[in-house]
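Colleague: Please take one part, the core, and go through it with me slowly, explaining each term as it comes up. After that, follow the backbone and the contacts around it.

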Amino acid sequence: MDLSIAALLAQDGITNGAIYALLALALVLVFAVTRVIFVPAGEFVAYGTLTLAALQLGKSPGTVGLLVALALGAGAMECVAVARRRAWRALPRRLGLYVAAPLAIAATVHLAAPLQLSLPLQIVLAVASVTALGPLVYRVAYQPLAGASVLVLLIVSVAVHFVLLGLGLWFFGAEGSRTPAFTSASFRVGGVNISGQSLLVLLFSLLLIGALYLFFERTLYGKALRATALNRVGARLVGISPNLAGSLTFLLAALLGAFSGVLIGPITTVYYDSGFLVSLKGFVGAIIGGLASYPLAAAGALLVGLLESFSSFWASAYKEVIVFTLIIPVLLWRSLSTHQYEDEHE
Amino acid sequence: MTRIRCLLPALALALAATHVAYGAVTVGVTLSATGPAASLGIPEKNTFELIGSPVIAGQKVNFIILDDKSDTTEAVKNTRKLISEDKVDVIVGSTVTPNSLAMRDVVAEAEVPMISMAASALIIAPTDPKTHWVFKTPQNDSLMADAIAVNMRANGVRTMGFIGFADAYGDSWLNEMRRSAQTAGIKIVAEEKYNRNDTSVTGQVLKLMSAQPDAILIAGSGTPAATPQKDLVARGYKGKIYQTHGVANADFLRVVGADGNGTLLPAGPLLVYEQLPESNPVRKSAAEYVTLYEAKYGPGSRTTFGGHAWDAYVLLQRAIPEALKHGQPGTQAFRTALRDALESSHEVAASNGVFNITPGDHNGMDNRARVMVRIENGKWVLVK
């Protein structure tokens with residue numbers, strides 16, 4: 001192995017690592033705010049790519065139908081909740097958020113699909129439609145059980161994962177898709193080719209991470225989410241709605257997932273079931289960060305990407321084994337170095 | 001009770017009117033319409049839906065189609081259910097090799113003939129009481145591997161690299177290719193593995209290229225086989241690229257795009273039946289099947305996998321009339337006769353080749369079951 005091969009492998013590892021990092025951030029965010037282990041994160045990635053691929057072919061993606069069904073389901077649940085508490089004044093706003101907005105996105109995507117719009121516009125449509133799924137999934141699947149234990153929420157997550165997986169096969173078929181590259185440019189730096197695509201993936205990931213940082217530091221909603229993550233009861237006492245926090249978190253997580261999907265689409269072929277493995281690698285990164293620290297999770301995800309890339313060169317048959325074995329020493333170290341405390345201390 | 005009494009005459013009348021349906025031949029199908037093998041199982045399922053419930057030699061033939069989710073346990077469960085509850089006369093399935101291997105015990109125990117749609121020669125070898133009841137329609141991997149080695153030899157290839165799935169499909173191909181390559185005097189200089197869902201194969205591709213082989217064989221099925229190919233082309237690999245017959249569907253062409261140009265692969269003749277000479281015995285059955293299939297599922301939707309399902313039907317079409325001479329459907333006499341009839345299939349031309357099944361060879365395909373195909377501008381072109 002010479003230097004140029006090492007450089008190519010490193011480039012590949014960092015590109016994949018950047019995508020895993022986005023997912024690791026989504027996993028940490030969701031766990032911190034809602035205590036949900038976000039197993040279906042990968043489905044949002046696959047939906048992101050495959051929705052974009054469907055738009056590329058001028059077809060209305062299956063995501064549209066799901067969006068409509070979930071919006072109607074969430075709307076019905078909101079009506080029941082409002083009727084029970086006789087808080088009719090809240091109804092128009094909630095219906096607007098949970099029904100009208102997703103339906104508007106679904107209608108736009110459906111009508112725009114045959115127009116063969118330019119790539120950036122299609123990306124916006126794909127990301128919007130998949131992102132809108134996030135809060136709806138939270139409203140329908142998690143919110144009724146928001147107070148349950150971590151284990152129950154995990155079981156719900158697994159169920160949501162399988163439902164979305166099955167729907168993915170139904171919507172997009174068994175075969176995979178690729179989306180066109182954002183750019184075919186490549187640069188030569190010191191004898192090594194660096195593809196523009198890799199640079200863009202890295203750039204977009206960094207931009208997204210930067211935007212998230214600003215959101216959490218500078219905006220009221222971001223601060224509310226941080227407060228909820230720190231102390232759920234306290235946040236509630238000062239008037240932060242846990243439902244709002246949950247929906248907002250899932251919106252962000254779905255956005256991160258959909259964006260990862262758009263970024264990964266030109267690099268590899270994505271299948272309806274590709275997302276799970278990608279998110280599992282993000283999960284390894286998140287575990288390195290103890291499901292709590294954002295910078296550590298991102299660094300861990302980057303490490304996973306590099307390890308994967310180099311092990312695929314040296315021992316391709318054992319690549320997954322090597323990557324997932326990484327979690328054992330990390331867990332060992334974490335369980336020895338941090339003292340346990342009860343999660344259900346509310 | 002009165003209601004049941006009223007219904008009884010009606011029921012008797014209905015039975016009398018449809019006495020042909022009584023004792024109809026029942027075919028139990030288990031295939032992998034979901035899960036990792038879905039891209040193979042779905043065209044098979046479509047094919048059986050196309051066949052519907054035909055009438056063979058005056059007997060109605062019913063198909064019961066179950067999905068085994070590409071899962072071995074599920075396939076065995078389906079097989080048991082089909083045999084004990086539905087009392088099927090013959091089992092067709094499953095799509096993949098591990099499932100088919102596991103199903104052999106069940107059919108041998110119940111003495112029901114089975115026609116597998118999976119590729120590995122292990123399913124029907126060696127000849128023993130277990131494989132006595134088992135047949136299979138796809139070509140053996142060895143037949144296809146030989147075709148690749150012969151073509152490589154003709155193209156002056158001396159060294160080759162191999163990259164395949166890290167599963168039974170890739171392993172089986174690696175073993176066959178080692179044997180075929182040795183026979184043809186070709187050296188395998190690099191062996192790499194990857195997974196269907198890998199986001200990147202850069203490491204493997206770099207390692208392959210650093211060994212500088214004259215040709216590279218990619219042993220994957222469906223669109224995942226496009227991943228190493230696109231990477232090889234992107235990194236400027238100049239040698240020949242070979243694929244296996246696992247990629248013979250329209251989705252592969254869509255995903256691989258222009259990077260697929262010039263790729264060579266062995267395939268069932270069904271893929272390019274229009275380009276075969278009129279005299280080819282496969283042409284008629286392939287034309288019948290592809291015309292039916294593409295009329296329903298759209299032009300270019302043909303796959304050789306669906307053809308394996310069709311071929312199972314072609315074998316049954318010939319064997320059922322023979323077996324009917326020895327017993328009524330639903331009896332053990334019929335099942336045994338059906339097995340014997342399948343085993344005596346002689347020069348049966350189907351969509352993917354010609355079957356000459358013997359007690360020693362429960363596949364019975366020869367060189368007529370493969371052609372070399374080249375990808376040119378998103379089309380399959382027969383290599384003459």
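Modeller: The largest nonpolar core (buried Ala, Val, Leu, Ile, Met, Phe, Trp, Tyr and Cys residues joined through C-beta atoms within 7 Å) has 120 residues, and those with the most contacts inside it are B:V90, B:M114, B:M160, B:I216, B:L217, B:L315 and B:L338. Helix α11 of chain B, residues 304-324, gives the largest share of this core, eleven residues; helices (H or I, at least four residues) and strands (E, at least two) are DSSP runs numbered from the N terminus. Both domain 1 (24-139 + 297-369) and domain 2 (141-267) of chain B contribute at least three residues each to this core, with bounds from an automatic or database domain assignment.

This is a predicted model, in which local features need pLDDT of at least 70 and side-chain atom pairs count only at pLDDT 80 or more, while totals for chains, interfaces and linings use all residues. Residues are numbered from 1 along each chain as its sequence is written, and chains are lettered from A and ligands numbered from 1 in the order in which they are written.

To see the core from one of its residues, take B:I216, which touches B:M160, B:G161, B:I163, B:L208, B:L232, B:Y237, B:G239, B:I241 and B:Y242, leaving aside residues up to four places away in sequence; touching means that C-beta atoms, placed from the backbone, lie within 7 Å. Apart from this core lies another, of 93 residues, and among them are A:F172, A:I288, A:A301 and A:V304.

One residue of chain A is worth a pause here. A:S260 lies in helix α10 of chain A and counts as buried, with 33 C-beta neighbours inside 10 Å; the cut-offs are 20 or more other C-beta atoms within 10 Å for buried, 12 or fewer for exposed, and partly exposed in between. A:S260 touches A:I19, A:L22, A:L23, A:V45 and A:G48, again without residues up to four places away in sequence. The C-alpha atoms of A:S260 and A:T51 are separated by 13 Å, although the two residues are 209 residues apart along the chain.

Where the two chains meet, the contact takes 26 residues from chain B and 26 residues from chain A. On the side of chain B that touches chain A, at least two residues come from each of α2 (38-51), β8 (187-194), α7 (202-210), α8 (226-234) and α9 (250-256), and the largest share, six residues, comes from α7(B).

The backbone of chain B also deserves a careful reading, since most residues other than glycine have a negative phi, and most peptide bonds are trans. The peptide bond from B:G93 to B:S94 is cis, with omega near -5°, and B:S94 is found in the loop between β4 (90-93) and α4 (97-110) of chain B. A cis peptide bond also runs from B:A125 to B:P126, with omega near -10°, and B:P126 sits in the loop between β5 (114-116) and β6 (134-136) of chain B.

B:K87, which is not a glycine, has a positive phi near 50°; this residue is placed in the loop between α3 (72-84) and β4 of chain B, and with 14 C-beta neighbours inside 10 Å B:K87 counts as partly exposed. B:E347 has a positive phi of about 50° although it is not a glycine, and B:E347 lies in the loop between α12 (332-343) and β12 (348-350) of chain B, where it is exposed, with 9 other C-beta atoms within 10 Å.
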